[in-house]
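Here are a few short exercises to work through with the model open beside you. Try each task by yourself before you read its solution.

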Amino acid sequence: MTVSLEQLRRCHIAVDLGAARTRVFVKGAGLVVDEPSAAALNTRTGALIAVGALAEQMTGRTPDYIRVARPISGGTVIDIEMAQRMLRHLLGDKLRRQLRRKPWLRAAASTPHDSDPLAQRAAVETLVGLGARRVELVDTLIAAAVGCGLPVEQPTATMIMVCGAATTQVAVLSLGSIVTAVRIPVGGNAIDHAVIQHLRHQHELMLPSQSVRPLQLALSNNGLTEGGPTKTEIHGRDVATGVARSVMVDTAAVREAIYTPLTAVLDGIGKVLRDCPPDLVADLGDRGIMMVGGSALLPGLDQMLRDATGMPVAIAERPDICAVLGLGAMLEGKIQPMVLNPMADADAH
């Protein structure tokens with residue numbers, strides 16, 4: 001059954017469960033939660049020590065009995081109980097009390113394109129545990145396109161690329177629906193991992209797991225494009241001795257290491273274009289690709305896509321929160337009624 005805008009307007013709360021961050025939009029209040037999808041757990045007592053930013057800071061810095069859990073991977077809930085506990089703490093007592101006053105609480109959640117029924121059910125069960133009586137599922141691609149202001153309701157092609165922490169989703173939209181799309185298991189985490197492995201193998205240097213994003217450290221202001229200084233100083237820990245040291249890294253070599261996982265993204269864009277009707281591809285020659293998601297801010301990624309595809313590439317104004325803003329716009333009825341969501345809804349019992 002297709003989820004209509006009328007059904008979404010009846011929802012009170014919208015949740016974007018991302019691998020990197022969890023965001024919650026409440027009708028009438030706006031974006032109320034934007035925190036890392038992390039929870040620190042005391043394995044001896046089962047008590048939740050911290051969630052969100054504080055739990056994120058604990059990663060790699062805790063004693064053995066404290067575990068930092070990430071209950072969401074690639075937009076899919078992999079630990080329903082932990083995701084529910086994390087959301088309860090992120091919402092806070094005041095907001096939870098406000099939501100409990102609604103006798104028939106409805107919720108909307110974004111899920112990755114082409115997610116399997118088990119993944120959809122996990123998202124539903126997570127929100128049911130928070131008191132939702134009915135849950136509507138919206139494709140992340142549709143929500144993000146609405147959130148960044150693309151004219152998805154028009155009979156012309158718009159191409160969107162959702163750059164997440166664990167996956168990248170690429171789609172062509174027209175008349176409020178997905179014409180063709182692909183989900184690629186490569187995201188910002190894979191790119192960070194490529195940089196970390198390059199520094200480990202070539203310079204015998206280990207970077208901290210948190211604090212500063214390794215990619216930003218390695219590339220500085222050079223991005224993925226040529227030009228600028230060829231050396232960047234990186235601080236980390238020596239693999240053999242364990243002592244802190246710094247090395248001068250060739251940014252050209254780092255760009256080459258990064259390009260390897262990004263080739264899968266370029267292949268995905270090519271597949272979407274090959275599967276798209278010629279009339280819509282002609283529209284994309286002028287409109288190009290809109291990039292959203294936290295990893296869209298990767299330095300120089302937009303220029304690399306321009307060079308590889310020959311198409312215009314733009315980054316949304318607030319790429320990291322486009323999906324939840326799109327869900328919020330649907331809840332508050334701020335978009336044209338032609339826009340529909342192709343995903344099936346789910347009743348919570």
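**Exercise 1. Find how strands S16 and S17 pair, and over how many bridges.**

Solution. Bear in mind as you go that this is a predicted model.

Step 1: Locate strand S16 at residues 231-238; its pairing with S17 is antiparallel and runs over 7 bridges.

Step 2: Check the register with two pairs. Lys231 lies opposite Asp250 in S17, and Gly236 lies opposite Arg245 in S17.

Step 3: Look at the hairpin that S16 and S17 make, with 5 residues between the strands; there Gly242 has a positive phi near 85 degrees.

**Exercise 2. Work out the strand order of the open sheet, and say which strands are at its edges.**

Solution. Step 1: Turn to S15 and S16, which are antiparallel and paired over 2 bridges. Here Met206 faces Arg237 in S16.

Step 2: Put the strands in order. The open sheet has 3 strands, arranged S15-S16-S17 with antiparallel pairing.

Step 3: Pick out the edges. Strand S15 (205-206) and strand S17 (244-250) each pair on one side only, which makes them the edge strands.

**Exercise 3. Identify what helices H6 and H8 touch on this sheet.**

Solution. Step 1: Follow helix H6 (residues 188-203), which packs on the sheet and touches S15, S16 and S17. The direction of H6 makes about 100 degrees with that of S17.

Step 2: Move on to helix H8 (residues 251-275), which also packs on the sheet. H8 touches S16 and S17, and its direction makes about 85 degrees with that of S17.

**Exercise 4. Count the disulfides in the structure, and explain why Cys322 is not bonded to Cys148.**

Solution. Step 1: The count is 0 disulfides.

Step 2: Recall that a disulfide covalently joins the sulfur atoms of two cysteines.

Step 3: Compare the distance with the cut-off. A disulfide needs sulfur atoms within 2.5 Å, but the closest cysteine sulfur to that of Cys322 belongs to Cys148 and is 4.9 Å away, so it is too far for a bond.

Step 4: Add the surroundings. Cys322 is buried, at 2% relative accessibility, and Cys11 is buried too, with a relative accessible area of 0%.

**Exercise 5. Decide whether Thr76 is buried or exposed.**

Solution. Step 1: Find Thr76 in strand S9 (residues 76-77).

Step 2: Apply the cut-off. Buried means under 20% relative accessible area; Thr76 has 19%, so it is buried.

Step 3: List its contacts. Setting aside neighbours within four places in sequence, Thr76 contacts Pro71, Pro112 and Ala119.

Conventions: Residues are numbered from 1 along each chain as its sequence is written. This is a predicted model: local features need pLDDT of at least 70, side-chain atom pairs count only at pLDDT 80 or more; totals for chains, interfaces and linings use all residues. Side-chain values use heavy atoms; hydrogens and water are left out. Two strands pair if DSSP finds at least two bridges between them. Helices (H or I, at least four residues) and strands (E, at least two) are DSSP runs, numbered from the N terminus. Contact means heavy atoms within 4.5 Å. Axes are lines fitted to C-alpha atoms, for helices over the stretch in contact, and angles run from 0 to 180 degrees between N-to-C directions. Buried means under 20% relative accessible area, exposed over 50%, partly exposed in between (1.4 Å probe, protein chains only).
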